[in-house]
Amino acid sequence: MRGFGELEQAIMDVVWAGGGLLTVREVLEQLNRDRPRALAYNTVQTVMEILHRKSWLSRAKDGRAFRYRATKSREEYAASLIDQVWATGADRTTTLVSGHFATVQAAARSVGVGMAPATKDAEGKVSAMTTRFRPAAAATAVLLAAALTACSDDSETPKAQEASASGIAVSHIHGLGIDPADGRLHVATHEGVIAVEDDGSARRVSDTADYMGFTVAGPNTFLGSGHPAEGSGDHANRGLIKSTDSGRTWKTLSLGGEVDFHALDYAHNTIYGYDSTHGMLRVSKDGKTWDERAELAALDIAVSPNDPDTVLATTQNGIATSTDGGETFDDGAEPVLAFVSWTKPNTLYGIDPAGGLQRSADGGTTWKKAGTVPGGQPQALTAVDADRILAATQDGVYESRDGGKTFTQRLPTTPADH
């Protein structure tokens, strides 16, 4: 059994401390009390659902929301992890102790448990650490086991591409769009908005803020959200922001300091936004006043080109569909997709977590694989028309002009200097 991840651990700590049935929003409020940047509602909801599937949390329906409680105590969790660590054998223990004893010792001291230093025997072998348990030993064991397990994670960060000729650092991509004014590709990133020319050259046109929820609303007109550049003094969550000069300058229209939109869609002269801070869909005609619609945990949204009431959302259960403008959504149906883009009534594209490009000609009822986007895990998707698709993955931005059969890289990701 592997230990909890960082956010899983934080959520379980809140649930254990609460001692009763807690909603996602109640847990979120506790987690965000001392954080400089607030966690999003859908992030916490998704992790709590994962903990529920792992049988660490049980839940009961309370109106439209669920209330969660721990199925095992902190002490039971600690004991199981400690047993797991020490049962892995001498070689495993030697590796953990010799490489990470200082981290484990510091974690143990922070909650009042002393740890005897590791020692070497006559043959030079490292002996296992011993623990002097005090009354808070069970709570300490959680930190001990979590530190050991986290240090043993053998996952690797994907190797970054070499810097492009422009030298612009792009660590993560949040949105893609073509400006109708000049046909130029614009890429919303963790380091600003970047304009990409047909010859492959690129330049940053905005400041270095983190632009999320990016969508093109018309010639020279972009909508977005996200977080400000360091030292700007702007709200941590920028609400809805708008540019009328192709991304060079931006102005907050509404919800500054309150909302971070992770997905935006502009259709039927209406703005549809997924508010990740509160885990809900919001809809606005003017970008200033908003209707609050359904609460759900989603990654992306898409609105039907011919029906303003049909809204799709990508969830961990698959594609959730609303036929009442986002007031309610069904439970979701396969396939499980990360991002969706609906360009024509009979042309709906989606990309799955492995980079597989899917296409639906009937509004999402049935899907057919159209191809595979290179570069690993997807980060954004925009269908320009039935044949032209823009997709961002870990390796950069790719474009297809043949409905997903082949792709060409337009912009590589590069190491970010921040």
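Leaving aside neighbours within four places in sequence, E49 is in contact (heavy atoms within 4.5 Å) with R59, Y68 and Q316. The model is a predicted one, in which local features need pLDDT of at least 70 and side-chain atom pairs count only at pLDDT 80 or more, whereas totals for chains, interfaces and linings use all residues. Residues are numbered from 1 along each chain as its sequence is written, and side-chain values use heavy atoms, with hydrogens and water left out.

E49 belongs to helix α3, residues 41–53; helices (H or I, at least four residues) and strands (E, at least two) are DSSP runs numbered from the N terminus. Although buried, E49 has no salt bridge, and R59, the nearest side chain of opposite charge, is 4.4 Å away. Buried here stands for under 20% relative accessible area, exposed for over 50%, and partly exposed for values in between, with a 1.4 Å probe and protein chains only. A salt bridge requires a side-chain nitrogen of Lys or Arg within 4 Å of a carboxyl oxygen of Asp or Glu. For charge, Lys and Arg count as positive and Asp and Glu as negative, while His and the chain ends are not counted.

Elsewhere, salt bridges do form, and the structure holds 14 of them. One of them pairs E295 with R25, with the closest N and O atoms 3.4 Å apart. Since E295 lies in strand β17 (residues 291–295) and R25 in helix α2 (residues 24–31), this pair ties together parts that are 270 residues apart in sequence. Both partners are partly exposed: E295 has a relative accessible area of 43%, and R25 has one of 26%.

Strand β17 also takes part in a salt bridge between the side chains of R282 and E292, at 3.6 Å from N to O. R282 lies in strand β16 (residues 280–284) and E292 in strand β17, so here the tied parts are 10 residues apart in sequence. The two ends of this bridge sit in contrasting surroundings: R282 is buried, with a relative accessible area of 7%, whereas E292 is exposed, at 51%.

In a further salt bridge, the side chains of R388 and E399 meet at 2.4 Å, N to O. R388 is in the loop between β25 (378–383) and β26 (389–393), and E399 is in strand β27 (residues 396–400), so the pair links parts 11 residues apart in sequence. R388 and E399 are both buried. Through shared partners, salt bridges join D198, R388, E399, R401 and R410 into one network.

E295 appears again in the second largest pocket, where Q45, R64, F66, E295 and L296 lie nearest the centre among the 26 lining residues. The pocket has a volume of about 860 Å³. Pockets were sought on a 1 Å grid over the protein atoms alone: a pocket is an open set of points with protein on both sides within 12 Å along at least five of seven lines, and lining residues have an atom within 4 Å of a point. Grid points are joined across faces, edges and corners, and the volume is the space filled by probe spheres set on the points. Elements giving two or more residues to this lining are α2, α3, β2 (57–62), β3 (65–70) and β17. Helix α3, which also holds E49, gives the most, with 5 residues. By class, the lining has 10 nonpolar, 7 polar and 9 charged residues, where Ala, Val, Leu, Ile, Met, Phe, Trp, Tyr, Cys and Pro count as nonpolar, Asp, Glu, Lys and Arg as charged, and the others, Gly among them, as polar.

Some backbone details also deserve a look. Most residues other than glycine have a negative phi, and most peptide bonds are trans. The peptide bond from E334 to P335 is cis, with omega near 10°, and P335 is found in the loop between β20 (318–322) and β21 (339–344). S246, in the loop between β12 (240–243) and β13 (251–254), has a positive phi near 60° and is buried, with a relative accessible area of 6%. L255 likewise has a positive phi, of about 60°; this residue is in the loop between β13 and β14 (261–267) and is buried, at 16%.

Taken across the protein chain, the secondary structure comes to 6 helices and 28 strands. Buried residues make up 49% of the 418 residues. Of the contacts with a separation of 6 or more, 42% are between residues 24 or more positions apart.

How values were computed:
1 Å grid on protein atoms, 1.4 Å probe; cavity = no way out; pocket = protein on both sides within 12 Å on 5 of 7 lines; lining within 4 Å.
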